[in-house]
Amino acid sequence: MLSETYLLKPDRVFDGETMHEGWVVRVNGDKIDAAGPAASVPANGAEVVELAGQTLLPGLIEGHSHLFLHPYNETPWDEQVLREARSLRTARATNHARKTLMAGFTTVRDLGTEGAEYDDVGLKQAINQGIIPGPRMVIVTKALIASGSYGPKSPSPDIQFPQGAEEADGHDALIRAVRSQIGKGADAIKIYADYRWGLMAEAKPTFTLDEIKLIVEVAKSSGRAAVAHASTAEGMRRAILGGCETIEHGDAGTPEIFALMKQHGTALCPTLAAGDAVSQYRGWKKGQEPEPARIREKRVTFKQALGAGVTICAGGDVGVFSHGDNARELLMMVDYGMKPLAVLRSVTSVNADVFHLADRGRVKAGLLADLVVVQGDPLADMNALRQVRLVVKGGSRYKP
């Protein structure tokens, strides 16, 4: 049994805001007991853990995950939703949860089971009860879609396929769906503010502005946020004005839309890695061929969001690509123009603040002892975030 009180001595500590050389962190039980310069934190009664050449950070927070999905180049999304048994998907999800934790991500915001109903509730319970290792989960259960707008899409109008989220429209049905999801265990409500509609599969807005306002109002009544998948400018505009707290993807955002996000305090979760992965699944040979238009356009809109001062959450849409490779998004954020220090803040303190997780995301006395130790200095080379040496969750230590 590892001792309850221990002192971590890395070369440096990122506290969620700033990098500090020569800091140490004392853990007692499931909380951070003290953090600061080595001379100011007593080691008496504590096991001392030497971490030479390493950096300690708050446990990383994944802002956009789907633990019930696996990479689309293994099995297409439609096939996963229609043909894979929920028991099989849950078995996979337990492995995905472990890989996520061992990659240093001690919290995930899991944004929809994609046809696996409320199985994220049980997965979260299994983790919380210590039955399986995994990150702390913020879950949205089934997510909400407007009728006819999501998938899988049937080849015939005479055949109705099961959908990857819950269909609801109009006043009474939306209220019932939101309240039902909350009652079953949703920590937040996710909507699809736009999607690929109809036979032409064009991305267009789904819910009306009034419908989104209603969803947000009902969610907020229970103390929960609403978040929105939105990739078109109009879908983003409705989600922002409707009161959604985060926009997921934001591919076709414009300077005007990003200014509106800044004005309303709406955060963007850009999911750069998902678009990168899908482009490669479709045949793009990254590093050997010019970037496809989709990637070039994403670079432009991401820089526009940065320029507008929009709050950027770190979230890769993991599940589209491999769980455990969550750091892929963080490296791409730097490549697309974000400063390394801003990326580290995004995946720790910013995500904690945006997701209303006041007990984590920083290295500070009294907060949860959710920590990660990596080899090297991520401010000098973000690839250090892939060199995980130690993960601490609630004071319990895990060696990847």
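**Entry 1: the nonpolar core.** I looked up the largest nonpolar core in this predicted model and found that it holds 71 residues. I then asked which members touch the most other members. They are L144, I189, I191, I247, L330 and M333. I also noted where the core draws its residues from: helix α5, residues 209-221, supplies the largest share, namely six residues. As general background, I recall that nonpolar side chains tend to be buried together in soluble globular proteins.

**Entry 2: a separate core.** I recorded a second core of 16 residues, separate from the one above. Among its members are V25, V27, L51 and A369.

**Entry 3: the surroundings of L144.** I set aside the neighbours within four places in sequence and listed what L144 contacts. The list comprises E166, A168, A177, V178, Q181, I189, K190, I191, Y192, F207 and I215. Two of these contacts, I189 and I191, I had already entered with L144 among the residues touching the most other core members.

**Entry 4: the cavity.** How many cavities of 30 Å³ or more does the structure hold? I found one, and the volume of the largest cavity is about 30 Å³. Its lining consists of I61, E62, G63, F105, A314, G315, G316, N326, E329, L330 and V347. I noted that L330 appears in this lining and also in the list of core residues that touch the most other members.

**Entry 5: composition of the lining.** I sorted the lining residues by class and obtained five nonpolar, four polar and two charged. By element, β6 (60-65) and α10 (327-335) each give two or more residues. The most comes from β6, with three residues.

Conventions: Residues are numbered from 1 along each chain as its sequence is written. This is a predicted model: local features need pLDDT of at least 70, side-chain atom pairs count only at pLDDT 80 or more; totals for chains, interfaces and linings use all residues. Side-chain values use heavy atoms; hydrogens and water are left out. A nonpolar core is a set of buried Ala, Val, Leu, Ile, Met, Phe, Trp, Tyr and Cys residues joined through side-chain atoms within 4.5 Å. Buried means under 20% relative accessible area, exposed over 50%, partly exposed in between (1.4 Å probe, protein chains only). Helices (H or I, at least four residues) and strands (E, at least two) are DSSP runs, numbered from the N terminus. Contact means heavy atoms within 4.5 Å. On a 1 Å grid over the protein atoms alone, a cavity is a set of points where a 1.4 Å probe fits but cannot get out, and a pocket is an open set with protein on both sides within 12 Å along at least five of seven lines; lining residues have an atom within 4 Å of a point. Grid points are joined across faces, edges and corners, and a volume is the space filled by probe spheres set on the points. Ala, Val, Leu, Ile, Met, Phe, Trp, Tyr, Cys and Pro count as nonpolar, Asp, Glu, Lys and Arg as charged, and the others, Gly among them, as polar.
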